[in-house]
Amino acid sequence: MIDDTDGYFDDDQGMAQRLDGDQVLSGAIYAGGSDIVCEQSDTLRSPGGGDNDTLQFISVVRRA
């Protein structure tokens with residue numbers, strides 16, 4: 001869960017994007033309130049139309 005005060009999830013937004021409660025990502029525990037940013041976003045388009053999927057690659061800065 002993410003608390004994103006401006007509704008736009010992106011890189012370098014500082015305190016605008018924080019984890020909303022403790023989260024486990026790849027086996028590491030990140031405390032609620034840790035900064036989270038989207039480092040890269042890629043859209044996978046279905047050949048011939050249909051549903052598209054967006055992958056977001058993130059980084060998290062731990063807060064004690």
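Leu 44, Leu 55 and Phe 57 together make a nonpolar patch of about 270 Å² on the surface of this chain, and that patch is a convenient place to begin reading the structure, which is a predicted model. One of its members, Leu 55, sits in strand S6, the element that spans residues 53–61. Leu 55 counts as partly exposed because its relative accessibility is 37%, a value that falls between the limit of under 20% for buried residues and that of over 50% for exposed ones. Taken over the whole chain, the exposed surface comes to about 4600 Å², of which carbon and sulfur atoms supply 48%.

From the patch, the view can be widened to the fold. The chain has 6 strands and 0 helices, so that, in the order of the sequence, the pattern reads β-β-β-β-β-β. The chain has 64 residues, and 20% of them count as buried. Among the contacts in the chain with a separation of 6 or more, 30% are accounted for by residues 24 or more positions apart.

Strand S6 also offers an example of such a distant pairing, for Val 60 has its place in this strand. Val 60 and Asp 35 are 25 residues apart in sequence, yet their C-alpha atoms are 5.6 Å apart in space. Asp 35 is also one of the residues that Val 60 touches, and when residues up to four places away in sequence are left out of the count, the others are Leu 19, Leu 25, Tyr 30, Ser 34 and Ile 36.

Ile 36, which is touched by Val 60, leads on to another strand through its backbone. The backbone oxygen of Ile 36 lies 2.9 Å from a polar atom of the side chain of Gln 17, and Gln 17 is found in strand S2, which covers residues 17–19. Is Gln 17 buried or exposed? Gln 17 is buried, because its relative accessible area is 0%, and residues count as buried when that area is under 20%.

How far the model should be trusted remains to be considered. The pLDDT of the chain averages 80, and 73% of the residues score at least 70. Confidence in the chain is highest in strand S4, residues 28–30, with a mean of 89, and lowest in strand S1, residues 2–4, where the mean is 61. Where pLDDT is low, the predicted coordinates should not be read in detail.

Notes
Residues numbered from 1 in each chain as written. Heavy atoms only, no water. Helix = DSSP H or I, 4+ residues; strand = E, 2+ residues; numbered from the N terminus. Buried < 20%, exposed > 50% of the residue type's maximum accessible area, 1.4 Å probe, protein only. Contact = heavy atoms within 4.5 Å. Areas by Shrake-Rupley, 256 points an atom, 1.4 Å probe, with all protein chains shown as cover. Patch = residues over 30% accessible without salt bridge, like charges linked within 9 Å, V, L, I, M, F, W, Y side chains within 5 Å. Salt bridge = Lys/Arg side-chain N within 4 Å of Asp/Glu carboxyl O. Polar contact = N/O pair within 3.5 Å; in protein donor to acceptor, adjacent residues only side chain to side chain. pLDDT = per-residue confidence, 0-100.
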